[in-house]
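Got the model open in your viewer? Let's walk through it together, one selection at a time.

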Amino acid sequence: MAPPTIQKFEYEEQVAVALAIYILHLSAKYIAANGTFSVALSGGSLIDTLRKLTEPPYVNSIEWSKWLIFFIDERVVPLDHPDSNYKLAYDGFLSKVPIPESNIYPIKENLSPEEAAEEYEQRLKHLVANNTLKISPTTGFAKIDLMLVGMGPEGHVASLFCWHFQRFEKKKWVTFITDSPKPPPHRITFTFPLINSASEIANVVTGQDAADAIKVALGKHANDYYPLPVQKVSPEGELTWFLDKDATSEL
């Protein structure tokens, strides 16, 4: 992996603009090359930071019909539940742009966490088999064009938490968790081998509550301690950090 690009901004509003420009360029690049642009979303504040994409000039400059939307992690709740990442993404982003419903891949409802993870993995493998998604020749995992990754205040990404064994999964594409340290407890999540097979990853982190974890992950002693999950984000392609002043205040 090439060294990461670290973009620091004074305000979250500037992060949102820079992220929109970055995604606009990647969308055009991958659609020109492959005919589609596959994007995996996290939940949390990331969805709000995507808001500029729903506004001019960006919203009118993207071939939305060519986008494919996946979810890096999801809470195992109904899709209309307040805890659902799909609902968060739909309300804040997906309902405001013309991506065809058939190009959006939420989890299946009414399954156990284990069943939901297995079903989602099989769906990804089917999309690889029919050439909707590319495959990484290095890992054999699906190769999504862009992973949009947020970070929790203690350094977790997706639903891969510091002291949970799921962060060490090497074979599964999608795994499950039944004891998340933050509610709701039942979730499914992409594994690091799948996340890191991506062509591009954006780590989007804003706010004062992230400052301690950013200090650990990007500070001068970053390699001195047991790594936080966010430090295991290492794509085959390019990693770009989008940070505001509050998130970097301890650096």
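Start with the lining of the largest pocket in this predicted model, and colour it by residue class: 9 residues are nonpolar, 9 are polar and 5 are charged. The space in this pocket comes to about 410 Å³. Which residues should you click on to get closest to its centre? Of the 23 that line the pocket, pick G43, G44, M151, G152 and K182.

Now add some secondary structure around the pocket. Select β4 (73-75), α3 (85-92) and β10 (200-205), each of which supplies at least two residues of the lining.

Next stop: helix α4. Select residues 113-129 and put a distance between the end C-alpha atoms: they are 24 Å apart, in agreement with the 24 Å that 17 residues should span at 1.5 Å a residue.

Show the side chains of P113, A116, A117, Y120, E121, R123, L124, L127 and V128, which are buried. Then turn your view to look down the axis of α4: the buried residues fall within an arc of 155°, so they line one face of the helix. On the other side of α4, you will find H126 and A129 exposed.

What lies over the buried residues of α4? The cover includes strands β3 (67-71), β5 (134-135), β6 (142-143), β8 (174-177) and β9 (187-190), along with helix α5 (192-195). Show these elements together with α4 to see how the buried residues are covered.

For the last stop, step past the helix to N131, which follows α4 and has a positive phi, near 70°.

Key:
Residues are numbered from 1 along each chain as its sequence is written. This is a predicted model: local features need pLDDT of at least 70, side-chain atom pairs count only at pLDDT 80 or more; totals for chains, interfaces and linings use all residues. Side-chain values use heavy atoms; hydrogens and water are left out. Helices (H or I, at least four residues) and strands (E, at least two) are DSSP runs, numbered from the N terminus. The expected span of a helix is 1.5 Å times one less than its number of residues. Buried means under 20% relative accessible area, exposed over 50%, partly exposed in between (1.4 Å probe, protein chains only). The arc is that of the directions from the helix axis to the C-beta atoms. Contact means heavy atoms within 4.5 Å. On a 1 Å grid over the protein atoms alone, a cavity is a set of points where a 1.4 Å probe fits but cannot get out, and a pocket is an open set with protein on both sides within 12 Å along at least five of seven lines; lining residues have an atom within 4 Å of a point. Grid points are joined across faces, edges and corners, and a volume is the space filled by probe spheres set on the points. Ala, Val, Leu, Ile, Met, Phe, Trp, Tyr, Cys and Pro count as nonpolar, Asp, Glu, Lys and Arg as charged, and the others, Gly among them, as polar.
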